[in-house]
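These are my notebook entries on a single structure, kept in the order in which I looked things up.

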Amino acid sequence: MTTDRTGGPSRASSLPLVASELAFDFTNTTSDRGGPNELEHLREGRDVVLWARHAKVISDGDRDAALAAIAADESLAARLLAEALDLRDTIYRIGAALSRRQPPTEEDRTQLAAIHAHCLACAKLSPFGDGFVWRWDSSQTLSEAIRGPIALSALTVLTQQNLARIKQCEGDHCGWLFFDTTKNRLRRWCEMSVCGNRAKVRAFRQRHFEAKTVS
C-alpha cells in the first residue's frame, strides 16, 4: 500500500466522485496543489488502475489483469503513471483557467487534443444499445484504455457544455474542480458536507470572535 508523506494511505480507490464529469473527478486525485497540505493519491501505477475501476472506466476483470501486468512489468507501471499524471495535470490547468474565466493556454489545448487523438487511434467504435461507443482493449493498450475515456470527457465538456459552469472548490487546501449542474449555478464546494461545513464553522468562529472583541 502506498502512503503519502504524512503516512496516510492512498485513497485512489475510494475518493468521492463529486465533480459531475469524469475528467474533473480525475483531476481531483490530488488536492491543495503546490500548497502546504498537498495530498497526492496517484503515486504508482496501481493507484491509476484502482482509481480507473473506482470511476468505472474499466471493469473488475480489466482491473485484476492490469494489476497483474504492472506487477510483472515495472516499465509498464512507470509509463502508466507518467502518462496518467501528464493528462491529469493538463486537464487541471485547462479547468482551473476556465474556472477563473481565463482562456487555457494553446499548449494545453494542443496537448489534450493530441492525447485524445492518440488514444482514439487505439479504440474501436462498437455497438452499444441503439448507438455506438468507443471501446479499448486494456490487455493490449492499458494506458490508452484508461486515458481515452478521460480525455474524451474533457473534450466533450470543452466543446459541448457551458464553460461558465466549470468551477473550483473554495475550500481551504482543496482546489478540486467540478461542473456545476445546479439550476441556480451557485455551487461553491466540492462537497457541502466537507468543505462547505468547514467554511461554515470558520465563519461562525470568526463571528463569535468578533462579537467577543466588540463586547
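**Entry 1. Cavity lining.** I listed the residues that line the largest cavity: Ala 23, Phe 24, Ile 91, Ile 94, Gly 95, Leu 98, Leu 112, Ala 154, Val 157, Leu 158 and Ile 166. The elements giving two or more residues to this lining are helix 1 (22-27), helix 4 (74-99) and helix 6 (142-160). Helix 4 supplies the largest share, four residues. I recorded helices and strands as DSSP runs numbered from the N terminus, helices being H or I with at least four residues and strands E with at least two. A cavity here is a set of points, on a 1 Å grid over the protein atoms alone, where a 1.4 Å probe fits but cannot get out, and lining residues have an atom within 4 Å of a point.

I note the basis of these entries: the model is predicted, local features need pLDDT of at least 70, side-chain atom pairs count only at pLDDT 80 or more, and totals for chains, interfaces and linings use all residues. Residues are numbered from 1 along each chain as its sequence is written, and side-chain values use heavy atoms, with hydrogens and water left out.

What is the volume of the largest cavity? I read about 60 Å³, a volume being the space filled by probe spheres set on the grid points, which are joined across faces, edges and corners. The search of the whole structure returned one cavity of 30 Å³ or more. By residue class, the lining comprises 10 nonpolar residues, one polar and no charged. The classes take Ala, Val, Leu, Ile, Met, Phe, Trp, Tyr, Cys and Pro as nonpolar, Asp, Glu, Lys and Arg as charged, and the others, Gly among them, as polar.

**Entry 2. Helix 2.** I then turned to burial, where buried means under 20% relative accessible area, exposed over 50%, and partly exposed in between (1.4 Å probe, protein chains only). Helix 2 (residues 45-54) is mostly covered, with seven of its 10 residues buried. I list these as Gly 45, Asp 47, Val 48, Val 49, Leu 50, Trp 51 and Ala 52. They pack against helix 1, helix 3 (60-72), helix 4 and helix 6. Just after helix 2, I found Lys 56 with a positive phi of about 65°.

**Entry 3. Salt bridges.** How many salt bridges does the structure hold? I count 12, under the criterion of a side-chain nitrogen of Lys or Arg within 4 Å of a carboxyl oxygen of Asp or Glu.

Asp 60 appears in two pairs that I examined. With Arg 53 the N to O distance is 2.5 Å; with Arg 63 the closest N and O atoms are 3.5 Å apart. Asp 60 and Arg 63 both belong to helix 3 and stand three residues apart, about one turn of the helix. An α-helix has 3.6 residues a turn, so residues three or four places apart point the same way. I logged Asp 60 as partly exposed because its relative accessible area is 38%. Arg 53 is also partly exposed, at 23%.

Glu 83 and Arg 147 form a further bridge, at 3.4 Å from N to O. This pair links distant parts of the chain, Glu 83 lying in helix 4 and Arg 147 in helix 6, 64 residues apart. Is Arg 147 buried or exposed? Its relative accessibility is 5%, so I entered Arg 147 as buried. Glu 83, at 22%, is partly exposed. I also noted a network of salt bridges linking Arg 33, Glu 40, Arg 88 and Asp 89.

**Entry 4. Ser 31 and Trp 189.** Ser 31 is in strand 1 (residues 30-31) and is buried, with a relative accessible area of 13%. Leaving aside neighbours within four places in sequence, I found Ser 31 in contact (heavy atoms within 4.5 Å) with Asn 37, Glu 38, Leu 39, His 173, Cys 174 and Trp 176.

Trp 189 sits in the loop between strand 6 (177-179) and helix 7 (192-214). I classed Trp 189 as buried because its relative accessible area is 12%. Between Trp 189 and Cys 174 the C-alpha to C-alpha distance is 9.4 Å, with their positions 15 residues apart in sequence.

**Entry 5. Whole protein.** I closed with the totals: the secondary structure comes to seven helices and six strands, and buried residues make up 44% of the 215 residues.

Notes. On a 1 Å grid over the protein atoms alone, a cavity is a set of points where a 1.4 Å probe fits but cannot get out, and a pocket is an open set with protein on both sides within 12 Å along at least five of seven lines; lining residues have an atom within 4 Å of a point.
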